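Here is a short tour of a protein with a ligand bound to it. Please have a look at the structure first.

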Amino acid sequence: MSDLPPPSSERLVSVKQSIVKAEKDAGRPAGAVTLVAVSKTFPAEDIRAVLDAGQRVFGENRVQEAHGKWPELQEQYAGVELHLIGPLQSNKVGEAVSLFDVIETLDREKLARALAAERAKGHKLPDLFVQVNTGAEVQKAGVLPQDADAFVALCRDELDLPVVGLMCIPPVDEEPALHFALLEKIANRNMLSQLSMGMSSDYETAIEFGATHVRVGSAIFGARTPV
Ligand SMILES: *Cc1c(COP(=O)(O)O)cnc(C)c1O
């Protein structure tokens, strides 16, 4: 039927085109931005369509859900890079470390120490992003902006964790650009080169403000059924 939404493969192409345009408009080199396709809540068959279209970097927000879907997909598709973008409980660190290539939600000392303990057992750690609660929202994870420098120092300098960048999720009802600018400022003064910011509704703005990773779900996979 003509009123069906476009397939995810077409939406993926148009998101990638928008990224290329946003990079160019911002005077940034082509390929400066990595698209993390957020596949949370979508079943393996929907993810397969996006894998078949060539996408290899994906984000999931729950360890259990990712564990149920991804090992089999990774046997079928080479070169997948999986990002954890949701809260991580310290008792799931072992599982997360073996499943994910990047953990974007490092946000507290207990978790940092659990990751260090995992490495001490001989496990290679994924690249890590420190999540910053740029809007200081009580219900949201992340270190407060004023605590970010000390937390990065603890993780990177004291515990020697592989911290590569910062991540944020701006408040829904505020101008995201202010939050992107704040995250970039904190990253610069801590000499962190990677910034995970921007979702379906604001990834082009995030690219203007220096995002190196944008996390795009619904613009590729379609609307999520509320859980
Ligand atoms: C769900 C989610 C996204 C993707 O959101 P969309 O609006 O569907 O693009 C990005 N980042 C995080 C942390 C998420 O939980």
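The text below goes from the overall fold to the ligand and its contacts.

This is a predicted model, where local features need pLDDT of at least 70, side-chain atom pairs count only at pLDDT 80 or more, and totals for chains, interfaces and linings use all residues. Residues are numbered from 1 along each chain as its sequence is written, and side-chain values use heavy atoms, with hydrogens and water left out.

The protein holds nine helices and eight strands, counted as DSSP runs (H or I of at least four residues for helices, E of at least two for strands). Its C-alpha trace spans about 55 × 40 × 35 Å along the principal axes.

Now to the ligand. Its surroundings (residues with a heavy atom within 4 Å) include Val38, Lys40, Ile85, Met167 and Ile169. Met199, Ser200, Val216 and Gly217 are also among them.

Three polar contacts, pairs of N or O atoms within 3.5 Å, are listed here:

| Ligand atom | Protein partner | Distance |
|---|---|---|
| nitrogen | Arg215, side-chain N or O | 2.8 Å |
| oxygen | Ser218, polar backbone atom | 2.8 Å |
| oxygen | Arg224, side-chain N or O | 2.8 Å |

Taken alone, the ligand exposes 390 Å², and the protein buries 89% of that (Shrake-Rupley method, 1.4 Å probe).

Methods
A polar contact is a pair of N or O atoms within 3.5 Å; within protein, one must be able to donate a hydrogen and the other to accept it, and residues adjacent in sequence count only if both atoms are side-chain atoms.
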